[in-house]
Amino acid sequence: MRATQTKPKVETTPTWRHHHILDLDDFTREEIELVFQTTRAMKEILSRPIKRVPTLRGKTIVTLFYEPSTRTRLSFELAAKYLSADVVNLNASVSSVAKGESLIDTLGTLQALGADIIVIRHPHSGAPYIAARHIEASIVNAGDGWHAHPTQALLDLYTLYEHKANLNGLKAVIIGDIMHSRVARSNIWGLTTMGIGVTLCCPPTLLPIGLGEEQLPPVKIEPNIELALDGADMVMTLRLQLERQKSGLLPSIREYINLYQLTEARLARAKPDALVFHPGPVNEGVEISPTVAHGPQSVIKEQVANGVAVRMALLYLLTGGHKQ
Amino acid sequence: MSRKVVMTEEDIKRTLARIAHEIVEQNKSIADLILVGVHTRGAPLARRLADNIESFAQTKIPVGTLDISLYRDDLPSLELKPVVKLTDIPAVDGKSIVLVDDVLYTGRSTRAAMDALIDLGRPKAIQLAVLIDRGHRELPIRADYVGKNIPSSRHEEIKVKLKETDGADEVAIIPAPVKEGQ
Amino acid sequence: MKPLLIQGGQIIDPSQGLDASGSLLISDGKISWLGKGEEAPPQSGYEILDAKGLVVCPGFIDLHCHLRQPGDEEKETIATGTRAAARGGFTTVCCMPNTSPPLDNQTAIEFIKSKAATEGTVRVLPIGCISKGRKGTELAEMGELASAGVIAFSDDGEPVPSSYLMRQALDYSRAFDLPVIDHCEDKALTEGGQMNEGVISTKLGLRGMPSAAEEIAIARDLALAELTGGRLHIAHVTSEGSVELIRRAKEKGINISTEVTPHHLTLTEERVLDYDTNAKVNPPLRTKRDIKALIQGLNDNTLDIIATDHAPHTEADKLCEFDLAPFGISGFETALGSLMSLVHSGKLELVTLITKLTHEPAKIIGNKYDKLGTLAIGTPADITIFDPNREWVVEPKDFASKGKNTPLAGERLKGRVMATIYGGNLVYKDSSIKVKEK
């Protein structure tokens with residue numbers, strides 16, 4: 001009977017190498033799967049009447065947000081608290097930063113005050129990398145300029161994974177202002193790493209240069225929304241910043257709506273079990289019709305719920321004893 | 001490295017059968033019983049105990065699994081975090097829980113498991129069943145049901161293998177690796 | 001001062017077509033004798049600097065640098081900048097007028113000249129503004145600036161925004177036979193830009209500056225140079241497209257000269273990965289393709305000279321978010337070392353390199369002062385002595401410049417200046433160089 005027995009699973013040591021979470025471009029498939037597995041366990045904790053475990057007791061987590069954000073900051077704060085960590089929220093507009101204290105100085109102060117993990121959201125791409133260079137604490141990037149939003153992409157991936165356990169070969173479409181979107185960039189990295197085909201759909205003026213070249217992950221470009229949506233398993237719509245019209249990248253919001261709004265009719269071109277994503281906050285009636293946003297295929301609320309569990313998983317995985 | 005097998009597949013089978021009978025004997029009403037296996041190897045052991053009880057007492061005992069990674073007291077010193085597995089336990093309020101684990105050593109895992117259970121609700125009682133008790137307790141913890149007592153030195157490793165996780169049933173002692181120059 | 005014999009080096013002087021081993025004698029601040037092979041000078045009573053194994057050439061001339069004084073003395077002063085220049089083998093540097101206040105009048109030029117005379121280590125030739133206050137609206141008093149001694153006009157740091165003003169500048173400057181140096185950039189396309197627009201800017205989420213912005217401005221200036229016959233000099237050329245435009249303009253006989261920097265010849269936009277602000281420069285580092293075209297441009301004389309665009313900043317200035325960091329690379333002290341990589345890899349001949357650093361820039365400056373960029377008998381003894389094979393590691397804290405902002409920190413370079421002589425005086429000497437009595 002030996003030959004037909006499948007090899008049973010043996011517990012292996014997890015291969016987590018990250019001291020910081022800055023972007024998804026250096027996450028392996030195995031690491032993303034480890035995040036999924038850990039998130040599942042965290043979700044179970046969130047289903048309990050007492051949502052608390054003592055795991056990060058004694059650890060201090062600071063959120064340092066240079067850009068306003070309700071949901072992301074709250075998500076991180078709750079994640080940290082559910083793990084019993086101490087949380088401090090710094091709103092950069094009211095602290096000494098407003099008086100001209102530089103990012104480096106602020107980080108130095110936080111380090112001296114004993115922060116173990118610093119969650120940073122910053123309007124300039126690359127700011128968390130400067131932080132990571134100059135500080136011992138772990139840095140979690142909660143969004144830097146146009147560049148990356150790794151925790152968002154991970155929660156998007158996890159939400160997809162909950163619905164479709166086998167991700168390989170799925171088709172994802174991202175619609176919207178790719179050029180200025182850190183959510184799009186991180187998702188492109190994450191989706192392609194998991195073997196998912198990515199199609200980008202947007203007006204050419206909102207498409208960054210160089211996609212399709214070697215150093216970047218492989219993506220398809222399709223400016224026509226109907227063609228882009230054909231056979232899609234995952235549809236992600238991005239928020240359209242109204243300033244884009246002011247800076248001349250779009251002739252009008254009206255035209256954007258005509259060409260790129262995700263409506264029920266357009267969504268019908270995707271697979272019948274396709275899922276609709278949005279990183280929030282949603283401009284209903286602009287990038288997505290209210291019917292679709294609240295419709296049966298929308299997983300927007302699940303994304304938010306999963307956000308806390310994913311962030312709990314990441315905070316847990318980050319707090320090791322020794323720096324790798 | 002010469003390993004010494006202290007329990008064969010047959011030994012383990014008989015021991016689990018004996019523990020299953022002891023559990024039924026000690027618990028007046030097995031209607032309130034839940035067997036909770038502590039990941040990793042406690043889980044299949046709990047399953048086997050439940051199957052045993054069902055076969056001679058004709059009662060299906062609910063089985064749960066418990067991951068204690070998040071309750072460990074040594075997390076800050078671990079370089080790589082343990083992989084967190086799923087905790088899946090039916091409601092614990094008012095129930096008698098028998099925690100099932102493969103090896104009882106310092107007692108810290110059991111302490112973590114109890115904290116986890118209490119975070120889930122208020123069990124009527126918690127008992128502990130282990131396949132092996134190897135001594136060297138660091139906390140005031142004792143097992144209610146013990147498969148085999150194996151006094152061991154701190155340098156030795158007790159390796160439990162189960163079919164469900166390792167492909168075979170066996171308990172072996174592996175002596176400490178010989179140091180250079182000895 | 002005793003005469004000094006520089007003995008036994010490889011003398012390379014493109015202005016005289018000279019490339020042979022020999023010695024040269026300096027007396028009273030001028031080159032007084034030159035001998036080939038083992039020849040010794042007829043007189044006696046001189047000191048000897050042993051240049052065996054070293055290249056001896058005219059002192060390098062930098063047509064484009066920023067000395068920051070007056071106004072930004074914490075970044076650099078004429079004193080520190082010229083000391084850094086000497087360490088880099090530069091005996092003449094031309095400083096850009098984007099100071100505070102800008103160099104748009106006689107008093108400002110006099111200030112530079114007097115500071116240079118009292119505190120400068122090498123020759124400083126000032127460049128005057130094209131427009132009043134560098135505001136880009138009205139012409140500066142070029143006549144006054146010319147009499148005060150500027151060797152060119154430029155609003156560098158900024159392009160000349162209006163075609164009309166650029167035309168007037170090229171026209172008006174003809175009266176003084178001085179070049180108008182333009183920093184070619186179409187700002188409408190580069191606004192908010194931080195680096196080259198391309199694959200790396202997409203990956204990093206940074207706004208890019210496309211090469212087209214440089215090419216458009218160059219095309220404009222070339223047309224105006226053709227129209228007016230004025231002397232156009234294009235600063236820091238960086239793209240393949242730009243080189244192409246210039247090549248065609250030169251074929252048509254338009255009166256232009258052009259420059260390229262050591263960093264644009266050797267570093268690509270990949271230096272910006274990991275958000276290294278020390279690689280943030282305007283115009284930005286571009287791609288391998290552009291580098292290939294620039295080297296070709298040097299070799300076929302589409303690009304006339306090499307200039308450093310030395311742009312020092314304080315450490316604090318550069319230690320911040322990429323978007324907020326100022327543009328600029330501190331380049332004097334790494335120029336030769338980084339350029340030699342092109343010689344060692346066979347892409348550029350050593351003679352060509354020296355020509356582009358000495359003879360060609362001297363031609364652009366002209367003979368208003370003394371004859372520069374040459375080792376001809378009777379000319380000022382401005383001499384650079386370097387070891388083309390000496391390996392060394394770039395250590396910014398050892399720079400004489402206040403600007404430690406270089407992307408080359410920790411790099412191993414092959415080629416180093418060993419001694420620099422300005423007007424007959426040894427203004428820089430490596431500790432291994434020995435000067436002894438005959």
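# Exercises on a predicted three-chain model

No contact joins chain B and chain C, and the closest C-alpha atoms of these two chains lie 26 Å apart. The model is predicted, and the exercises below treat its chains, domains, sheet and core in turn.

**Exercise 1. Contacts between chains**

Task: Determine which two chains share the most contacts, and describe the side of chain A that touches chain C.

Solution.
- Step 1. Two pairs of chains are in contact, and chains A and B share the most contacts. A contact requires C-beta atoms within 7 Å.
- Step 2. In the contact between chains A and C, 22 residues come from chain A and 16 residues from chain C.
- Step 3. On the side of chain A that touches chain C, the elements giving two or more residues are α3 (103-112), α4 (127-134) and α6 (182-193) of chain A. The largest share, three residues, belongs to α4(A).
- Step 4. By residue type, this side of chain A divides into eleven nonpolar, eight polar and three charged residues.

**Exercise 2. The two domains of chain A**

Task: State how chain A is divided into domains, and identify the element that gives the largest share of the side of domain 1 that touches domain 2.

Solution.
- Step 1. Domain 1 of chain A covers 24-149 + 305-318, while domain 2 covers 150-303.
- Step 2. The centres of the two domains, taken over C-alpha atoms, are separated by 25 Å.
- Step 3. Across the boundary, 25 residues of domain 1 of chain A are in contact with 24 residues of domain 2 of chain A.
- Step 4. On the domain 1 side, the elements that give two or more residues are α1 (29-46), β4 (138-144) and α12 of chain A. Helix α12(A) gives the largest share, six residues.
- Step 5. The domain 1 side is made up of twelve nonpolar, eight polar and five charged residues.

**Exercise 3. An open sheet in chain A**

Task: Give the order of the five strands in the open sheet of chain A, and find its edge strands.

Solution.
- Step 1. The order is β7-β6-β5-β8-β9 (chain A), with parallel pairing.
- Step 2. The edge strands, β7 (220-221) and β9 (275-277) of chain A, each pair on one side only.
- Step 3. At the β7(A) edge, strand β6 (residues 197-201) of chain A pairs with β7(A) in the parallel sense over two bridges. L200(A) has I221(A) as its bridge partner in β7(A).

**Exercise 4. The largest nonpolar core**

Task: Name the residues with the most contacts inside the largest nonpolar core, and examine L315(A).

Solution.
- Step 1. This core has 270 residues, and those with the most contacts inside it are I118(A), V235(A), L315(A), L35(B), L49(B) and F153(C).
- Step 2. Helix α12 (residues 300-318) of chain A contributes the largest share of the core, eleven residues.
- Step 3. Residues up to four places away in sequence aside, L315(A) touches L56(A), I61(A), A79(A), A80(A), L83(A) and I117(A).

**Exercise 5. The fold of chain B**

Task: Explain why chain B is judged to be as compact as a globular protein of its length.

Solution.
- Step 1. Chain B has four helices and eight strands, arranged along the sequence as β-α-β-α-β-β-α-β-β-β-α-β.
- Step 2. The radius of gyration of chain B is 17 Å, close to the 16 Å given by the globule rule for 182 residues, so chain B is as compact as a globular protein of that length.
- Step 3. The C-alpha atoms of chain B fill a box of roughly 60 × 40 × 30 Å along the principal axes. Buried residues account for 39% of the 182 residues in chain B.
- Step 4. Among the contacts in chain B with a separation of 6 or more, 68% join residues 24 or more positions apart.

Methods. Residues are numbered from 1 along each chain as its sequence is written. Chains are lettered from A and ligands numbered from 1 in the order in which they are written. This is a predicted model: local features need pLDDT of at least 70, side-chain atom pairs count only at pLDDT 80 or more; totals for chains, interfaces and linings use all residues. Two strands pair if DSSP finds at least two bridges between them. A nonpolar core is a set of buried Ala, Val, Leu, Ile, Met, Phe, Trp, Tyr and Cys residues joined through C-beta atoms within 7 Å. A residue is buried if 20 or more other C-beta atoms lie within 10 Å of its own, exposed if 12 or fewer, and partly exposed in between; C-beta atoms are placed from the backbone. Ala, Val, Leu, Ile, Met, Phe, Trp, Tyr, Cys and Pro count as nonpolar, Asp, Glu, Lys and Arg as charged, and the others, Gly among them, as polar. Domain bounds come from an automatic or database domain assignment. The radius of gyration is taken over C-alpha atoms; the globule rule is 2.2 Å times the number of residues to the power 0.38.
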